[in-house]
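Here are some short exercises to work through with the model open beside you. Try each task before reading its solution.

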Amino acid sequence: MRKIHIQNVVLRTIMTIRKFRDSDSKELAILHRATIRNVNSQNYSKKQIDLWSGMVSAERFRKSGEKNIRFIAINNGKIIGFADYRKEDLQGLYIHKDYIGKGVGTKLLKRLEKDAYKNGVRTMYCISTITAQNFYEKNGYETLKKTRYRIKKQRLIVYKMRKTLKERQ
(Lines give C-alpha, C1' and ligand atoms only; values in the text may rest on other atoms or scores of the structure.)
Protein backbone atom coordinates (compact mmCIF):
# COMPACT_ATOMS: atom_id res chain seq x y z
CA MET A 1 0.00 0.00 0.00
CA ARG A 2 1.43 3.31 -1.07
CA LYS A 3 0.84 6.50 0.86
CA ILE A 4 0.17 9.65 -1.04
CA HIS A 5 0.70 12.94 0.71
CA ILE A 6 -1.39 15.81 -0.50
CA GLN A 7 -0.38 19.25 0.51
CA ASN A 8 -3.17 21.74 0.97
CA VAL A 9 -2.28 24.99 -0.63
CA VAL A 10 -4.11 28.10 0.47
CA LEU A 11 -3.85 30.99 -1.88
CA ARG A 12 -4.17 34.24 0.01
CA THR A 13 -5.41 37.28 -1.71
CA ILE A 14 -4.79 40.77 -0.57
CA MET A 15 -7.72 43.13 -0.41
CA THR A 16 -6.88 46.73 -1.11
CA ILE A 17 -8.94 49.82 -0.41
CA ARG A 18 -8.66 52.92 -2.54
CA LYS A 19 -10.61 56.03 -3.43
CA PHE A 20 -13.38 55.94 -6.04
CA ARG A 21 -12.66 56.69 -9.71
CA ASP A 22 -15.31 57.58 -12.30
CA SER A 23 -14.31 54.44 -14.20
CA ASP A 24 -15.61 52.36 -11.22
CA SER A 25 -19.19 53.57 -11.72
CA LYS A 26 -20.49 50.74 -13.90
CA GLU A 27 -19.00 47.98 -11.73
CA LEU A 28 -20.31 49.67 -8.56
CA ALA A 29 -23.81 49.89 -9.99
CA ILE A 30 -23.75 46.17 -10.81
CA LEU A 31 -22.46 45.29 -7.32
CA HIS A 32 -24.96 47.61 -5.60
CA ARG A 33 -27.93 46.21 -7.53
CA ALA A 34 -26.84 42.60 -6.92
CA THR A 35 -26.34 43.19 -3.19
CA ILE A 36 -29.82 44.68 -2.86
CA ARG A 37 -31.35 41.75 -4.75
CA ASN A 38 -29.32 38.97 -3.10
CA VAL A 39 -28.75 40.22 0.44
CA ASN A 40 -31.36 42.84 1.35
CA SER A 41 -34.11 40.71 -0.17
CA GLN A 42 -34.17 38.66 3.03
CA ASN A 43 -35.72 41.64 4.87
CA TYR A 44 -37.77 43.51 2.26
CA SER A 45 -40.60 42.65 -0.12
CA LYS A 46 -40.03 41.89 -3.80
CA LYS A 47 -41.76 45.14 -4.75
CA GLN A 48 -39.50 47.15 -2.43
CA ILE A 49 -36.38 45.37 -3.75
CA ASP A 50 -37.41 45.93 -7.38
CA LEU A 51 -37.99 49.67 -6.82
CA TRP A 52 -34.81 50.09 -4.77
CA SER A 53 -32.51 48.18 -7.13
CA GLY A 54 -34.15 49.85 -10.13
CA MET A 55 -32.91 53.25 -8.95
CA VAL A 56 -29.25 52.18 -9.17
CA SER A 57 -27.22 53.28 -12.20
CA ALA A 58 -23.64 54.03 -13.18
CA GLU A 59 -24.67 57.61 -13.90
CA ARG A 60 -25.96 58.06 -10.33
CA PHE A 61 -22.63 56.77 -9.02
CA ARG A 62 -20.72 59.21 -11.22
CA LYS A 63 -22.84 62.14 -10.04
CA SER A 64 -22.77 61.21 -6.35
CA GLY A 65 -19.01 60.61 -6.62
CA GLU A 66 -18.63 64.36 -7.08
CA LYS A 67 -20.26 65.02 -3.68
CA ASN A 68 -19.40 61.93 -1.63
CA ILE A 69 -16.09 60.60 -0.41
CA ARG A 70 -16.13 56.98 -1.53
CA PHE A 71 -13.82 54.06 -0.86
CA ILE A 72 -13.62 50.90 -2.95
CA ALA A 73 -12.51 47.43 -1.77
CA ILE A 74 -10.73 45.39 -4.44
CA ASN A 75 -9.73 41.74 -4.43
CA ASN A 76 -7.87 40.23 -7.39
CA GLY A 77 -8.76 43.22 -9.54
CA LYS A 78 -12.48 42.92 -8.82
CA ILE A 79 -14.51 45.44 -6.81
CA ILE A 80 -15.99 43.58 -3.85
CA GLY A 81 -17.41 46.46 -1.85
CA PHE A 82 -17.73 50.19 -1.36
CA ALA A 83 -18.57 52.72 1.31
CA ASP A 84 -19.17 56.44 1.05
CA TYR A 85 -19.98 59.46 3.15
CA ARG A 86 -20.89 63.11 2.79
CA LYS A 87 -20.16 65.43 5.71
CA GLU A 88 -21.24 63.44 8.81
CA ASP A 89 -23.59 61.08 6.96
CA LEU A 90 -22.62 57.57 5.96
CA GLN A 91 -24.30 57.31 2.55
CA GLY A 92 -23.88 53.60 1.93
CA LEU A 93 -21.84 50.48 2.50
CA TYR A 94 -22.39 47.52 0.20
CA ILE A 95 -20.43 44.29 -0.02
CA HIS A 96 -20.56 41.59 -2.72
CA LYS A 97 -22.62 38.67 -1.41
CA ASP A 98 -19.64 36.27 -1.59
CA TYR A 99 -17.58 38.47 0.74
CA ILE A 100 -20.12 39.22 3.47
CA GLY A 101 -18.88 38.11 6.89
CA LYS A 102 -15.22 38.12 5.80
CA GLY A 103 -14.21 41.47 7.28
CA VAL A 104 -14.54 43.55 4.11
CA GLY A 105 -17.35 45.72 5.47
CA THR A 106 -15.55 46.34 8.75
CA LYS A 107 -12.32 47.32 6.98
CA LEU A 108 -14.15 49.69 4.64
CA LEU A 109 -16.07 51.23 7.54
CA LYS A 110 -12.90 51.77 9.57
CA ARG A 111 -11.18 53.41 6.58
CA LEU A 112 -14.18 55.66 6.00
CA GLU A 113 -14.42 56.63 9.68
CA LYS A 114 -10.68 57.38 9.86
CA ASP A 115 -10.98 59.63 6.82
CA ALA A 116 -14.08 61.34 8.21
CA TYR A 117 -12.33 62.00 11.52
CA LYS A 118 -9.33 63.45 9.68
CA ASN A 119 -11.80 65.75 7.88
CA GLY A 120 -13.27 67.03 11.15
CA VAL A 121 -16.26 64.69 11.61
CA ARG A 122 -16.72 63.68 15.25
CA THR A 123 -20.15 62.03 15.02
CA MET A 124 -21.16 59.82 12.10
CA TYR A 125 -24.82 59.15 11.30
CA CYS A 126 -26.35 56.53 9.05
CA ILE A 127 -29.69 55.22 7.93
CA SER A 128 -29.34 51.45 8.18
CA THR A 129 -31.39 48.77 6.54
CA ILE A 130 -32.87 46.00 8.66
CA THR A 131 -30.23 43.76 7.08
CA ALA A 132 -27.24 45.87 8.19
CA GLN A 133 -28.40 47.11 11.61
CA ASN A 134 -26.59 44.35 13.53
CA PHE A 135 -23.37 44.99 11.55
CA TYR A 136 -23.40 48.66 12.52
CA GLU A 137 -24.14 47.88 16.17
CA LYS A 138 -21.16 45.50 16.25
CA ASN A 139 -19.07 48.38 14.90
CA GLY A 140 -20.06 50.81 17.65
CA TYR A 141 -23.17 52.48 16.24
CA GLU A 142 -26.20 52.99 18.44
CA THR A 143 -29.74 52.82 17.14
CA LEU A 144 -31.53 56.11 17.68
CA LYS A 145 -34.90 55.21 16.20
CA LYS A 146 -36.78 52.99 13.82
CA THR A 147 -38.20 54.95 10.90
CA ARG A 148 -39.23 54.61 7.26
CA TYR A 149 -37.41 55.48 4.05
CA ARG A 150 -39.58 56.35 1.07
CA ILE A 151 -38.86 55.01 -2.40
CA LYS A 152 -41.68 56.14 -4.65
CA LYS A 153 -44.82 54.76 -2.96
CA GLN A 154 -42.97 52.17 -0.90
CA ARG A 155 -41.86 52.86 2.66
CA LEU A 156 -38.95 50.68 3.81
CA ILE A 157 -38.25 50.12 7.50
CA VAL A 158 -34.82 51.52 8.38
CA TYR A 159 -32.92 52.63 11.47
CA LYS A 160 -31.36 56.01 12.21
CA MET A 161 -27.99 55.28 13.84
CA ARG A 162 -25.06 57.23 15.28
CA LYS A 163 -21.45 56.72 16.34
CA THR A 164 -19.04 59.05 18.09
CA LEU A 165 -15.75 58.87 16.21
CA LYS A 166 -12.43 58.75 18.00
CA GLU A 167 -8.96 59.53 16.73
CA ARG A 168 -8.04 55.85 16.55
CA GLN A 169 -10.79 53.83 14.94
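**Exercise 1: A helix end**

Lys118 counts as exposed, because its relative accessibility is 64%. This is a predicted model, so keep that in mind as you go, since side-chain atom pairs count only at pLDDT 80 or more.

Task: Find which residue Lys118 meets in a salt bridge, and work out whether that residue is buried or exposed.

Solution.
- Step 1. Look for a carboxyl oxygen within 4 Å of the side-chain nitrogen of Lys118, as a salt bridge requires.
- Step 2. The side chain of Asp115 fits, with an N to O distance of 3.6 Å.
- Step 3. Both residues belong to helix α4 (residues 104-118), and because they are three residues apart there, about one helical turn separates them.
- Step 4. Asp115 has a relative accessible area of 8%, so Asp115 is buried, whereas Lys118 is exposed at 64%.

**Exercise 2: Another pair within a helix**

Task: How far apart are the closest N and O atoms of Asp50 and Lys46, and which helix holds both residues?

Solution.
- Step 1. The closest N and O atoms of Asp50 and Lys46 are 2.8 Å apart, and the pair forms a salt bridge.
- Step 2. Helix α2 holds both Asp50 and Lys46, which sit four residues apart, about one turn of the helix.
- Step 3. Now add accessibility: Lys46 is exposed, with a relative accessible area of 62%, while Asp50 is partly exposed at 39%.
- Step 4. Stay in helix α2 (residues 46-54), where Lys47 is also found. Lys47 counts as exposed because its relative accessibility is 55% and the cut-off for exposed is over 50%.
- Step 5. Finally, follow the backbone: the C-alpha atoms of Lys47 and Gln154 are separated by 8.1 Å, although these positions lie 107 residues apart in chain numbering.

**Exercise 3: A buried bridge**

Task: Are Arg18 and Asp24 buried or exposed, and what joins their side chains?

Solution.
- Step 1. Take the cut-off for buried, under 20% relative accessible area.
- Step 2. Arg18 has 17%, so Arg18 is buried.
- Step 3. Asp24 has 5%, so Asp24 is buried too.
- Step 4. Their side chains meet in a salt bridge of 2.8 Å, N to O. The count for the model comes to seven salt bridges.

**Exercise 4: A charged patch**

Task: Which residues gather in the patch of positive charge on the surface, and where is Arg86 placed?

Solution.
- Step 1. The patch consists of Lys63, Lys67, Arg86 and Lys87.
- Step 2. Arg86 is in strand β3, which covers residues 78-86.
- Step 3. Arg86 counts as partly exposed because its relative accessibility is 31%; patch residues need over 30%.

**Exercise 5: The whole chain**

Task: How many helices and strands does the protein chain have, and what percentage of its residues is buried?

Solution.
- Step 1. Count five helices and seven strands.
- Step 2. Read them from the N terminus: β-α-α-α-β-β-β-α-β-α-β-β.
- Step 3. Of the 169 residues, 40% are buried.
- Step 4. For overall dimensions, the C-alpha trace spans about 70 × 40 × 30 Å along its principal axes.
- Step 5. The chain exposes about 11000 Å², of which carbon and sulfur atoms supply 47%.
- Step 6. For charge, the chain has 40 positive and 15 negative charges, and their mean positions are 5 Å apart.

Terms used:
Residues numbered from 1 in each chain as written. Heavy atoms only, no water. Patch = residues over 30% accessible without salt bridge, like charges linked within 9 Å, V, L, I, M, F, W, Y side chains within 5 Å. Areas by Shrake-Rupley, 256 points an atom, 1.4 Å probe, with all protein chains shown as cover. Lys, Arg positive; Asp, Glu negative; His and termini not counted. Charge placed at Lys NZ, Arg CZ, Asp CG, Glu CD. Helix = DSSP H or I, 4+ residues; strand = E, 2+ residues; numbered from the N terminus. Buried < 20%, exposed > 50% of the residue type's maximum accessible area, 1.4 Å probe, protein only.
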